[in-house]
Structures are given as C-alpha cells and as structure tokens.
Amino acid sequence: MKILSPIEKIIHPLFSQHQVSVYVKRDEIIHPIISGNKWRKLASNIEYAKQLGFKGILSFGGAYSNHLHALAYAGQLHQLSTIAIVRGEPAYQSNPTLSQAITWGMELKFVDRKTYRLRDDPAYLTELQQRYPDYYIVPEGGSNQHALPGVGAVITELNQQLEFDSLLVPVGSGGTMAGLIAADNNQHQLLGVAVLKQADYLKQQITELLPKPAKTFNNWQLVTDFHGGGYGKFSQQAVNELIAFNQQTGLIFEPVYSGKMLLAALALIRQGYFKSGSTIVLLHTGGLQGIKGLIAQKRLIAAQWPIANSQ
Ligand SMILES: *Cc1c(COP(=O)(O)O)cnc(C)c1O
C-alpha cells in the first residue's frame, strides 16, 4: 500500500523534559493546498459517487470551509460537478477559499443560517435530492460512512511507519476520528481534541458513524476543554504559541483545527498526562489554506505566516 504522508520526529525541550517521543504524521503535505483529512475523507466518497453514476457531488459548508475547498478541487480532478450549499451571504464568494473553489468549477448556493441548520434534516435532504437528482449528497465536513476507509488508511500507514502509544487528532464533525477508531481496532490510545464548544454531543455522533464492531471499542476519548473559545475562535496567546512552535520546529499549525490539537498536546504533556517513555503521534490534518482567509479577515498577520504568501 502506498504511504501518502511521512512521519517526522519533533525535537522540542518540553518533550525531552517529560521523556516522551512526539511525531507528527504530516497529512498537511499530502497536497500543496488541499487539507489532508478532507482529501482522505473524499477519496472513497468520490469512488462511490462515480460507481453509482452520479454526475456530481453536492455538499455543505461555511464560507471558509476546508471541506468545500477540497471538494471543489477533487471534483475538478475527477470530472465530477460540484455544488456547495454555503452558510452566509453571496459577498463571501470573493474570499480566498470560495474564490478558489469557483475557479475549480464549484457552483455556490448561499443560504441563511436558518436554512443551513436544516443540512441534516431528512425532509430538506429529500427536497435537495429531487432538485439535484444527478448529485450525490455528502454531509458537512464530508463526514459520512464512506469517509471512514479513506481516513482509516492513516492507521495502516502508521502501523508500517512506527510503533506508538497515543494518537491525537482535531475533531470538528467527527468523521476523521471515526475513521481512525474503526481502523485502529482497539490497538492504541486515540485522543480527539474538540475544536468547538460544548462538544460532548460529538461522542454520540462519532459512535453513530462507526461500524457495529467498532461501536464498543473503548480506546478513544474526546477531550473537550481545548476549544479556545469556540469554533473558529482563538486567543492572541494561542497564535503566539503556534508561531513560537513554528520557529522552534519549522512545522506550521493553523489556529482553527490542527493548532488546537497541538496546543492540547503541549498542555497535556506539561501536565504529565502521558507516561514517561510514551510515543505520541499528532495527526496534522492540514487546513493551511484557511490561513489566507484569516489574514484577509485581519485575524492573523501575513508577515508572521509566510506560507500564505507562498501559494
Ligand atoms: C475538517 C477538519 C478537521 C476536522 O475533521 P472532522 O472529520 O470534521 O472531525 C480537522 N482538521 C482540519 C484541518 C480540517 O479541515
């Protein structure tokens, strides 16, 4: 099996002090701009849509969605049309994420928050399917059962790459976490770091996505106190820590997903959460395309994020 992304050992004084080995699974470099976990989640969805003879894929997302961005690109690559139901006003179409999605041929349909909230409602989905009969409908974030095998490949790759005790991953809609749980077969400690507030409901959402035998696995946990204020929210201090970490290690973590997982990992290591001698893997899920949008919104400073200028 082809290994999509390398692992890299991170050298950091905190890790030697606490006698843990920390590696990053570099899914952020699977593709120069597409988020690694979205790429993996879409792989089997695209195969499925093609097998069933659909002409395109319809999905949902916010105005800076890594998922819509990845879907637009993947659709163009696989000659599938793409339609996005986007939360918010049409003015968002000029932002870096959506303008790029448009260049890849994605059609955007803007809806208000109230309509967007119906995105998992069966009646609304039936109506959409009637309106777009040639489109396979994929939920927000790409998190459905077809996403699981694509993400599961992370575990297959890791098992060939190293021996490890714990794997950390950021959790938004839960599809990535579910794919890891299903593939890991109760072998490692899996820690999901929720990037949004009041995220306990995600435990059930993750369990629902799991195939039957995996529903009873007890090797995973959702950590819910590192959301940093809520989805898309982050403090200046968090940003400073990510920049300092970048200067120390050369690795780039953005503040919405992967950075929250990194900061959680650093905090847990400081607290002595991991046994001395443990090997910990951080799954870098990507999301770096979002940095440009955060700069455009003046929430990050371009000079501190050179990656945004290089794409
Ligand atoms: C979407 C996303 C996540 C969260 O994945 P889910 O499967 O929705 O939980 C994590 N990291 C990045 C960079 C993402 O884009």
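1. The ligand occupies the largest pocket of this predicted model. A pocket here is an open set of points on a 1 Å grid over the protein atoms alone, where a 1.4 Å probe fits, with protein on both sides within 12 Å along at least five of seven lines. A molecule sits in a pocket if more than half of its atoms lie within 2 Å of the pocket's grid points.

2. The model is predicted, so local features need pLDDT of at least 70 and side-chain atom pairs count only at pLDDT 80 or more, while totals for chains, interfaces and linings use all residues. Residues are numbered from 1 along each chain as its sequence is written, and side-chain values use heavy atoms, with hydrogens and water left out.

3. Around the ligand there are 17 residues, of which K38, K41, S173, T176 and T285 come nearest. By class, this shell has 12 polar, three nonpolar and two charged residues.

4. Oxygen atoms of the ligand lie 2.6 Å from an N or O atom in the side chain of S173 and 2.7 Å from a polar side-chain atom of N66. For T285, the distance from a side-chain N or O atom to a nitrogen atom of the ligand is 2.6 Å.

5. Helix α2 (36-51), β7 (166-171) and α8 (175-184) each give two or more residues to the shell. The largest share, three residues, comes from α2.

6. Eight of the 10 residues of α8 are buried (under 20% relative accessible area, 1.4 Å probe, protein chains only), so α8 is largely enclosed by the rest of the structure. Among them are T176, M177 and D184. Just after α8, N185 takes a positive phi of about 55 degrees.

Key
A residue is near a molecule or strand if one of its heavy atoms lies within 4 Å of it. A polar contact is a pair of N or O atoms within 3.5 Å; within protein, one must be able to donate a hydrogen and the other to accept it, and residues adjacent in sequence count only if both atoms are side-chain atoms. On a 1 Å grid over the protein atoms alone, a cavity is a set of points where a 1.4 Å probe fits but cannot get out, and a pocket is an open set with protein on both sides within 12 Å along at least five of seven lines; lining residues have an atom within 4 Å of a point. Helices (H or I, at least four residues) and strands (E, at least two) are DSSP runs, numbered from the N terminus. Ala, Val, Leu, Ile, Met, Phe, Trp, Tyr, Cys and Pro count as nonpolar, Asp, Glu, Lys and Arg as charged, and the others, Gly among them, as polar. Buried means under 20% relative accessible area, exposed over 50%, partly exposed in between (1.4 Å probe, protein chains only).
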